[in-house]
Structures are given as C-alpha cells and as structure tokens.
There are 2 protein chains.
Amino acid sequence: MTKPCIICVAITGSVPRKKDNPAVPVTIEEQVESTQAAFEAGASICHAHVRNDDETPTSDPDRFARLVEGLKKHCPGMIIQLSTGGRSGAGRDRGGMLSLRPDMASLSVGSNNFPTRVYENAPDLVDWLASEMRTYEVKPEIEAFDLSHIFKAAEMSRDGRIPGKLYVQFVMGVKNAMPCDREVFDYYIKTVKRLTPDAEWCAAGIGRHQVEVNEWSIAGGGHTRT
Amino acid sequence: MTKPCIICVAITGSVPRKKDNPAVPVTIEEQVESTQAAFEAGASICHAHVRNDDETPTSDPDRFARLVEGLKKHCPGMIIQLSTGGRSGAGRDRGGMLSLRPDMASLSVGSNNFPTRVYENAPDLVDWLASEMRTYEVKPEIEAFDLSHIFKAAEMSRDGRIPGKLYVQFVMGVKNAMPCDREVFDYYIKTVKRLTPDAEWCAAGIGRHQVEVNEWSIAGGGHTRT
Ligand SMILES: [Zn+2]
Ligand SMILES: [Zn+2]
Ligand SMILES: [Zn+2]
Ligand SMILES: [Zn+2]
C-alpha cells in the first residue's frame, strides 16, 4: 500500500517582500490566484499567512476570512492551514483567526531562537492556542524547530490537549534554530515513530534548503512543503 | 587510559528556598562551607549561583566576588564556574560577574521553554556573553537544553567565538524543555562527537532525575553534576 504524497504549498510566508521578489503574492487576490495554480498542479494543503497593505505580516482575522473565502471558492477541497506563527502577531492575537474554523493551523509548542531574536511561545500561550483549536475543531500542524518540540507535542497528544493523530512538521535551516542536517532529520522521524507511532510528519527546509529537505521527505515517506 | 571523572557540584541553584529545604546553603558563608565539604569529598568543579538577602536569585557581581574569594580561600584548586543563567538577571546584567575572571561560566546559546515561561537567550546576548568570556579568558560550559543548542555551540566553536575545546552540559528533565530520555542522551553524545570530536561533555538531570542522569554520564564517559 502506497501512502499518497501530500504536497503542502506555503504561499507568501511572513518574510519576503515585493522588493525582494516581485513574484511573491501579497494581496489576498494574488494569494488566491497563486494557490489555485498550485492546487491545479496537485498541491493539497495551503499553508497561509496574510499581510497588511504595506506588506508587513499580520494576524488580522478579517484578512484571513477574506483569504479563506477566496480559497474555498477557487480551490474546492483544498485543505486550508492558517499560520498562528509569531512573526505575524504577539500573544493571543496569534489565534484570532481560529474561530474561522480552518481545516488546520500551525502550532508551535516550544521556544527557540530565530536569526535575530527569540521566537517566543510561552507555555500558557501554547496551551491557549491548543485549546482554541479544540474548541473550533482545527487540526494543528506542530512546527518542530527543535527536538524537544517533538517530545512536547507527544506529551500534549497523550494527555488530550491535542486530539487525534499528531501531525508534525520538521522545520530545518532557520539560522540559530535547527540547521538542515540529514542525521537529525532521520532522528526526528525515528523519535516521532517511537513516541507517537501513528503520527504523520512533513518537513520544510527554509530558503536554499527547500529542495534538499523535500527530497529527504519524499524518500522518508513524509509529506512535503513547497 | 582512563579519563578521570570530574565531579561538578552545583551549590544552591537559583530556585529552592530555605522554606523548601532548610539545608539549602543560601548565604555566601553557607555556600562556601557546603562547597568545601564537597571539595574535600572529591568534587572538582563548583557551579555557583548567588542570592539576595531575601533568597531571591541575583547576578550581583559584588556577591559573586565575595563567593569567589571564599571559595579560593577554602577550596584551593577547585574550578569555579559562575552562572550567567537567566533566572538571576536579565540582559547584560547576566554577565556582570565575568570580569571576576572565574575559571568557567555557564553559557546558554539558544532559547527554550521553562516550566512557566520562555528562557530567553537572544542571539545578540549570546554573542555578547561569549565575547565577554573571551575578553576575560573564562571557559564557557554550554548549557544544552535542546539538540539545536549543540549545533549552535559547534558553530561558535568552528568560527572562534568559543575558543579551545567545547565543554557541553546536557540539561534534562526541565519541564517544557528536554525531558530525561536515555535515547536522546545517547544521541546528544553521538552528535557532540560527530560535530566536535574533541569536545568534553557532562550532564545534569533536574530534581528527581539527578541520580539517573549521573549514572548515564558515568557509564558514557562524561562528567557528572551533583
Ligand atoms: Zn508559515
Ligand atoms: Zn506541512
Ligand atoms: Zn545553574
Ligand atoms: Zn558540569
């Protein structure tokens, strides 16, 4: 039995601007258009951030609502995953869009360093985001920036804070967090299987590491993020 | 050839109070006395925090100076390691005692969660603490609360921000950081050896995990923290 390979398209992210890459979709209309092209090419999950008019990242629920509406119309059946990441807001603002009941949302369960700052996910915020996801029946994608995040996710799965099968994404190649390292990648898979045998996993390599990590994921039986 | 087993005694720490355990040495005098007993029993490194009169932790360089003076007098030859940890101060206050030129100081190189909060070690603070340690010729003990911290330490060793042999301590059993896990412990050792073959390592299990982790360390050829 072959598992289907899920392709997850991350539109826009929270960092690149039009001045860096004019092809980056930034407005809601551009995002929907770009996602539709990926959907027609076979992507089945859309991982989405939204931007303000000045291109800065935001967690604004109204913008997310417009995006979700456009995606449902133009990409029927596509799994919509909204980012609750900390580049777009702080504290509970990061979860304001969960009441839109997207299929999935990203969930960081630990803290780590980013290139120039601390990526803060305090324990009480993590618990609150997870409880909002239970309330609105949103499936979390755990963003594992380090090994202990896999342990934390498994703990939250065991005690019911995260219901159902765990879905973990390994994030590699972020400066000052976990680098892109094949042995660690294999150890992440081994650890997920040891702690929560029925979990699913995917992986994202940042920037120049994207293609490399995708190849490892496909070979290892995980999903891929483009 | 057998490597000598270095025993590192952590006096006081930053958390327990007299009301929790009346035997905890809290004043400088009590700390020196307690360290002397450990020194005479064979401990060769003293990992030290200091407290205010109300027992709250502090990074006050004057208190550290009095402690260092007492230790040098009563434990001649003992390696003195001062904590730059974030429970005792914030920002650059954490490194104010480095000008005392202790033999060693603890150095966190990444961020992670603690039981109720984020343990913040922003990249620029990490770099500043490391540069102060170079200035005052203080050998850092890397506090690895997660796997990526070992990678970060190896990177800083390669580029000279940490001169000499790396000395890494694995910290396990802190809630919301890395739990006490034998397979991870072995993987930490394997990773240290892969990334920086001439590094030395030790390990600390927090609270009820202390004895267990010490046994693993001795079996694995590392130093132990009591
Ligand atoms: Zn994202
Ligand atoms: Zn994914
Ligand atoms: Zn300490
Ligand atoms: Zn030690």
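Before anything else, one definition: when I say that one copy superposes on another, I mean a least-squares fit on the C-alpha atoms of residues with pLDDT of at least 70 in both copies. Hi everyone, and thanks for coming. What you see is a predicted model, so please hear every number today as a computed one.

Let's use that definition straight away. What rotation takes chain B onto chain A? The answer is 180°, with 0.0 Å of shift along the axis and an RMSD of 0.0 Å. That is how a two-fold axis relates its copies. The two chains also use the same surface: 100% of the contact residues of chain B turn up again in chain A. And which residue of chain B comes closest to the rotation axis? Asn112(B) does, with its C-alpha at 2.6 Å.

Now, one chain on its own. Chain A is built from six helices and 12 strands. Along the principal axes, its C-alpha atoms fill a box of roughly 45 × 40 × 35 Å. Is that chain compact or extended, going by the radius of gyration? A compact globule of 226 residues would come out near 17 Å, and chain A has 16 Å, so the two agree. Burial can be put beside that: 55% of the 226 residues count as buried. Contacts give another view of the fold. Taking those with a separation of 6 or more in chain A, 66% are between residues 24 or more positions apart.

A word on the outside. Chain A exposes about 9600 Å², and 52% of that comes from carbon and sulfur atoms. For charges, chain A carries 27 positive and 30 negative side chains, and the centres of the two sets are 3 Å apart.

With that background, let me take you to a few individual residues. I'll begin with one that reaches across to the other chain. Glu183(B) sits in helix 5 of chain B, which spans residues 182-195. Who are its partners, once neighbours within four places in sequence are left aside? They are Tyr187(A), Lys190(A) and Arg194(A). Glu183(B) is still partly exposed, at 35% relative accessible area.

Next, two glutamates with a backbone feature to look at. Glu137(A) has a phi near 55°, a positive value in a residue that is not glycine. You'll find Glu137(A) in the loop between helix 3 (123-135) and strand 9 (139-144) of chain A. Glu55(B) also has a positive phi, about 75°, and is not a glycine either. Glu55(B) is in the loop between strand 3 (50-51) and strand 4 (57-58) of chain B. Are they buried or exposed? Glu137(A) has 64% relative accessibility, which is over the 50% cut-off, so it counts as exposed. Glu55(B) has 17%, under the 20% cut-off, so it counts as buried.

Let's stay with the strand 3 to strand 4 loop, but move to chain A, where we find Asn52(A). Asn52(A) is partly exposed, at 27% relative accessible area. Beyond four places in sequence, Asn52(A) touches Pro57(A), Thr58(A) and Arg63(A). Its C-alpha is 8.7 Å from that of Val26(A), a residue 26 positions away along the chain.

My last stop is the loop between strand 5 (79-82) and strand 6 (104-108), seen in both chains. In chain A, that loop holds Thr84(A). How much of Thr84(A) is accessible? Just 1% in relative terms, so Thr84(A) is buried. Setting aside neighbours within four places, its contacts include Arg94(A), Met97(A) and Leu98(A), then Ala105(A), Ser106(A) and Leu107(A), and also Leu129(A) and Met133(A). Ala203(A), by contrast, is 119 residues from Thr84(A) along the chain, and their C-alpha atoms are 18 Å apart.

In chain B, the strand 5 to strand 6 loop holds Arg87(B). Arg87(B) counts as partly exposed, with 38% relative accessibility. Between Arg87(B) and Arg17(B) there are 14 Å from C-alpha to C-alpha, for a sequence separation of 70 residues.

If you take one picture away, let it be the pair of chains related by that 180° rotation, with Glu183(B) in contact with residues of chain A. Thanks for listening!

Terms used: Residues numbered from 1 in each chain as written. Chains lettered and ligands numbered in written order. Predicted model: local features only at pLDDT ≥ 70, side-chain atom pairs only at ≥ 80, totals over all residues. Heavy atoms only, no water. Helix = DSSP H or I, 4+ residues; strand = E, 2+ residues; numbered from the N terminus. Rg over C-alpha atoms; globule rule 2.2 N^0.38 Å. Buried < 20%, exposed > 50% of the residue type's maximum accessible area, 1.4 Å probe, protein only. Contact = heavy atoms within 4.5 Å. Areas by Shrake-Rupley, 256 points an atom, 1.4 Å probe, with all protein chains shown as cover. Lys, Arg positive; Asp, Glu negative; His and termini not counted. Charge placed at Lys NZ, Arg CZ, Asp CG, Glu CD.
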